[in-house]
Amino acid sequence: MRIDLHAHTTASDGADSPTELVGHALAAGVDVLGLSDHDTTSGWDEARTACAGTGLTIVPAIELSCQVISPGAPPRSVHLLGYLPNPLHPSLKTETDKIRAHRDHRLQQMVKKIAVDFDITWEEVAAHIPPGATAGRPHIAHILIEKGYFLDTTQAFEGPLRGDGPYHVPHYAPRLEKGLEIITQAGGVPILAHPYTGQRSSAVDHQQDRDGIRADYAALVEQGLSGLEIYHRENTEQGKKVLAWVARELNLIVTGSSDFHGTKKPNALGENLTDETQFHRILDAATGAVPLR
Ligand code: AMP
Ligand code: ZN
Ligand code: FE
Ligand code: FE
């Protein structure tokens, strides 16, 4: 069984509709695919119809934007995967509606700043964001690429879309603690996405000694964390070793995924996979939704 538990569609910043994603997954020989758009479950319905009778199983999920706030340091953005939550659960719905509303507003502010130096309007950006989808910087990238300013999303992220650049505007995200509570309350299984990369901020300070690292992950487990996405191209090799040790120590679920975004990122479907045993631990723990097949 080829199980890839993290992929995006046009419901957030992926290039493919849920129907197109199902086609790509089948072509890539994937048997089980996690549909994990940022801050929305709006792709689930189309995915349900698209995978029916194809042999592909979709694991409906979400990648919730969260932040970690430590005293004396800027907020750190982290991504929390929630597998099989009830999409209608009031706290999940309210919170994701709030994040998306703030993201819309924030993206408009970014476009306004970028428009001083580039030929771009909010109307152009908004025109290709489907209803219910999560607006993100890749939507601005799309227009900048279309207008010939950049060759691809990665290049646009090295330019005006960079997080530490003059055009960047942050958006609201719940604290990780709250994210864990929301996913758990909705019957989902919370798993930290790409927890140990060289580039992105992380939930836990990995500069500490092993005891410190274990203690910080143990605190997240107390708050509901169930697993770690260890096999992801952005985790460092040393990071994967440390995370595998943490997972053994704390008996955490371990996943592997592509984080596929279609043409918007080089990640290929099935490039990292999850063991069947680990997938079954997710299925056993989830009470909010069932896989689509
Ligand atoms: P936002 O959520 O609007 O702040 O945009 C960040 C999202 O854009 C991330 O979740 C990624 O999926 C995507 N992204 C970030 N960096 C890059 C990059 N260098 N190339 C392509 N996509 C990126
Ligand atoms: Zn993304
Ligand atoms: Fe992510
Ligand atoms: Fe992702």
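In which helix does alanine 141 lie? The final legend takes up this residue; every view is drawn from a predicted model.

**Figure 1. The zinc ion (ligand 2) and its protein donors.** The zinc ion (ligand 2) is bound by Asp13 (OD), Asp13 (OD), His38 (NE2) and His261 (NE2), at distances of 2.0 to 2.6 Å. Along the chain, these donors follow the spacing D-x24-H-x222-H. The pair of aspartate 13 and histidine 38 links distant parts of the chain, 25 residues apart: aspartate 13 belongs to the loop between β1 (3–4) and α1 (18–27), and histidine 38 to strand β2 (residues 32–38). Both aspartate 13 and histidine 38 are buried.

**Figure 2. The iron ion (ligand 3) and its protein donors.** Glu63 (OE), His79 (ND1) and His194 (NE2) are the protein donors of the iron ion (ligand 3), from which they lie 2.0 to 2.2 Å away. Their spacing along the chain is E-x15-H-x114-H. The iron ion (ligand 3) and the zinc ion (ligand 2) are separated by 5.5 Å. Because glutamate 63 lies in strand β3 (residues 57–68) and histidine 79 in strand β4 (residues 76–83), the pair ties together parts that are 16 residues apart in sequence. Glutamate 63 counts as buried because its relative accessibility is 0%. Histidine 79 also counts as buried, at 12% relative accessibility, the cut-off for this class being under 20%.

**Figure 3. The surroundings of ligand 1.** Ligand 1 sits in the largest pocket. It is surrounded by 14 residues, of which the closest are Asp13, Arg103, Arg106, Arg137 and His261. Two of these names, Asp13 and His261, also appear among the donors of the zinc ion (ligand 2). Helices α3 (90–114), α5 (137–146) and α6 (153–158) each contribute at least two residues to the shell. The largest share, three residues, is supplied by α6.

**Figure 4. Polar contacts of ligand 1.** The side chain of arginine 103 places an N or O atom 2.9 Å from an oxygen atom of ligand 1. For histidine 38, a polar side-chain atom lies 3.3 Å from an oxygen atom of the ligand. Histidine 38 is also a donor of the zinc ion (ligand 2), through NE2. In the side chain of lysine 265, an N or O atom is 3.4 Å from an oxygen atom of ligand 1. On its own, ligand 1 has 490 Å² of accessible area, and the protein covers 83% of this.

**Figure 5. Two aspartates with positive phi.** Aspartate 39, a residue other than glycine, has a positive phi near 55°. Its position is in the loop between β2 and α2 (44–51). With a relative accessibility of 0%, aspartate 39 counts as buried. Aspartate 259 likewise has a positive phi, of about 60°, although it is not a glycine. This residue occupies the loop between β7 (253–256) and α10 (276–285). Aspartate 259 is buried, its relative accessible area being 2%.

**Figure 6. Alanine 141 and proline 160.** The helix that holds alanine 141 is α5, one of the helices that supply residues of the shell around ligand 1. Alanine 141 counts as buried because its relative accessibility is 0%. From alanine 141 to proline 160 the C-alpha to C-alpha distance is 9.1 Å, and the two residues are 19 residues apart in sequence.

Technical notes: Residues are numbered from 1 along each chain as its sequence is written. Chains are lettered from A and ligands numbered from 1 in the order in which they are written. This is a predicted model: local features need pLDDT of at least 70, side-chain atom pairs count only at pLDDT 80 or more; totals for chains, interfaces and linings use all residues. Side-chain values use heavy atoms; hydrogens and water are left out. Donors are N, O and S atoms within 2.8 Å of the metal (3.2 Å for Na, K and Ca); water is not among the atoms, so sites may look incomplete. Helices (H or I, at least four residues) and strands (E, at least two) are DSSP runs, numbered from the N terminus. Buried means under 20% relative accessible area, exposed over 50%, partly exposed in between (1.4 Å probe, protein chains only). A residue is near a molecule or strand if one of its heavy atoms lies within 4 Å of it. A polar contact is a pair of N or O atoms within 3.5 Å; within protein, one must be able to donate a hydrogen and the other to accept it, and residues adjacent in sequence count only if both atoms are side-chain atoms. Accessible areas come from the Shrake-Rupley method with a 1.4 Å probe; for residues, only the protein chains shown count as cover. On a 1 Å grid over the protein atoms alone, a cavity is a set of points where a 1.4 Å probe fits but cannot get out, and a pocket is an open set with protein on both sides within 12 Å along at least five of seven lines; lining residues have an atom within 4 Å of a point. A molecule sits in a cavity or pocket if more than half of its atoms lie within 2 Å of its grid points.
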